[in-house]
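Thanks for asking me to look this over. Here are a few notes to read alongside the structure.

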Amino acid sequence: MRKRKFFVKDKETEHYFIGKIEDLNRSENHKNFIFELNKFIEENDLNNYKEELLRIIFLIKASDVLIDCNGDFHNIELLNTLRLMRRKAKDIEVINSINTFLADIKLINKISKRLKPQTLNYIHIINKMNYYIYDQLEQIDEFERTSIQTNLNNIIELQHSIENLVETVSKCLAHLNLNEVNLTDLNKSIKGLNKNSLSFQSYQEIVNCWKYANASITRNRLSRKIVVNGINDFFRTFIANRTINLENRQLPSKIHQRLKLSKSEAIVAGLGEEIFSDLSSIRNEETFRSRLSKLKNQKIYNIRLIDLADFFVQLKKKYSFGNAPFVKFDGISSFKLPYNDLMNLLNRLSFRYDLFDSPFIMIKGSYYVYIPAIKTIDPVHVLYCLLKNDKKWQDQRGESFEDEIYNSMNNYTFAKSEGVGKKRNKLKFRRDGKEHEIDAIVIDDDNIPMVLECKTFSNAYSIRELRIELDKIYSKKYALKFKEHFDAVQKYNSKILTFCDKNLKSNRSFNHLMKQKFNWSGAYCLLVSNLIFPTEIIKDLQEKYNISVIFEFDFKKLVDHRSLYENKAFTAPDLNKIMLNKLLIDNDINLTQNNIKAISLSQPVKKMFYSRNSIKNVVIPEKLKEGLYKYKNIEYHYYL
């Protein structure tokens, strides 16, 4: 296997590009990363590489190279490497970051000794989870017999609780050698969450909240109490994104009876919410049927999407809650899929880390399913996980997002990519030995050009996934490329017409715009995203790359000259209005009642776009319930 290179030096700037979280999560890459890191420290004057050092600290924290998502430590020698970095670096921010990290690790180690049992029986914890999952599923069955609002709220809370319990089962399974597991032992159900079960779950939650959501860890010198505070902007951002994405995916399923769709068709239509962007105020029957028509006969891994959706519908029907939560996947002939295609599908959905992404478990050469995961799984999410690594689907998703943004700007002068698929005539040109590409140039209400970048990200199911996904703005060099392309457009502007190729010259919208005179010195860059970004990344993109960020529905409001504080995002047939939070003009955040959504908020603006220098995006979801876990001298504050 080819070694993954983590430190890549740019010959032009003499600076280093340093790796991706997902690459560093693979244990086979750890040794090479540590070797390259030590070489980097030995051969360079670290005072010239502040950004690289901050990136190294971030990667060690957010990846599994030192402490993984289960809270297990690896490669402890990295702590000495960080101390060496601290001695050689002079930048105060770098030194403070290393000091904070080392102090956090010391406290996490203390938390581990208190909460993580030295002899942890993962099978026993699974047995505990089995009992409580089944108990909560029975409560859901009781609540579903009536439809009063109180019961519906209880069902939602129970579903979130079950997700957390199934996630704990996933983490326990990841620790086991499944070829040596006794299935009878796995299928036991034991009442009573003892100290070991609760403390193990809480320890993992604390570690994940610290690694991915920037939870602070402090210790009171007098009381010696350790306080972990996960009540912060990043975690609220995660909850806001997860809630919005879940609602979007489930819209067709919630109204499938009215639309007279089968369950399989509703799943495919829900997948359309992931692939096709829609900023319109109303989701109507025509929209869902159009997406269903476009998608149902398209294939992934040689299987039609409608057949894949039907597979999950039949899977949910096939397995009922009985005494055994882990059961063998059998009756292959009952599924309407060719044997080889089905085996390929099972292999691709074979358990690795998360039962919600990959629900089939290989035990001693046979596939098994965990019934609570099968019953609570979101088929749309699983189908999207299959599609998201396929370039064809991601290109289609990106083009749909761009086109929806373009369609919202009909009252503005703008140049954009034209065409579809391989024939799409993109805004590309070469200058100074580099190829530059932009999505669009828009002339705003002040007659100033704005370079628009449209970017879609995968919708994260967990806070770990969200951190990895958002980091792609750096790890895939999106921010760096956006800045380079914007700088080239601002520098050459109308002169681009004199040296661009025939394809760009044939782009009518580009020709029309570039022949006009504008104030290019005041031009700016705006990134429109399908995800809400946390404040920390918004601020960093503004300060280091001069890129502003806006959530797609906020962008739609601005181009329509509507208030950002308008409390309606969109409506859907037979559904409650999807509400957005309101913000008073002063700095106090006042949430109205019954809010169930969140957006990135800005200071009030009269013009079309945010000012580059005055954006203050704050992610404030619905008023969230806060939880507190206490054990001996440890306190963990978190969102329920």
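1. A definition to start with: two strands pair if DSSP finds at least two bridges between them. Please also keep in mind that this is a predicted model.

2. With that in hand, have a look at strand 13 (residues 440-443) and strand 14 (residues 449-455). They run antiparallel and are joined by four bridges. For a concrete example, find V442: its bridge partner in strand 14 is M450.

3. Both strands belong to an open sheet of five strands, ordered 10-13-14-15-16 and with mixed pairing. Strand 10 (414-416) and strand 16 (547-551) form the edges; each has a single partner strand, so one side of each lacks a neighbour in the sheet. From one strand to the next, the twist averages 25 degrees.

4. What packs on this sheet? Helix 18 (residues 391-407) does, touching strand 10, strand 13, strand 14 and strand 15 (524-529). The direction of helix 18 makes about 145 degrees with that of strand 14.

5. Now turn to a helix pair. The axes of helix 3 (residues 50-62) and helix 5 (residues 92-115) come within 10 Å and cross at roughly 15 degrees. Angles under 35 degrees count as roughly parallel, and helix 3 and helix 5 are therefore roughly parallel to each other. The crossing of helix 3 past helix 5 is left-handed.

6. Which residues meet there? Helix 3 brings K50, L53, L54, I57, I60 and K61, while helix 5 offers E93, V94, S97, I98 and F101. By class, this contact of helix 3 with helix 5 has seven nonpolar, one polar and three charged residues.

Conventions. Residues numbered from 1 in each chain as written. Predicted model: local features only at pLDDT ≥ 70, side-chain atom pairs only at ≥ 80, totals over all residues. Heavy atoms only, no water. Axes fitted to C-alpha atoms, helices over the stretch in contact; angles between N-to-C directions. Helix = DSSP H or I, 4+ residues; strand = E, 2+ residues; numbered from the N terminus. Parallel < 35°, antiparallel > 145°, perpendicular 65-115°, else oblique. Left-handed = near helix turned anticlockwise from the far one by under 90°. Contact = heavy atoms within 4.5 Å. Nonpolar A, V, L, I, M, F, W, Y, C, P; charged D, E, K, R; others polar.
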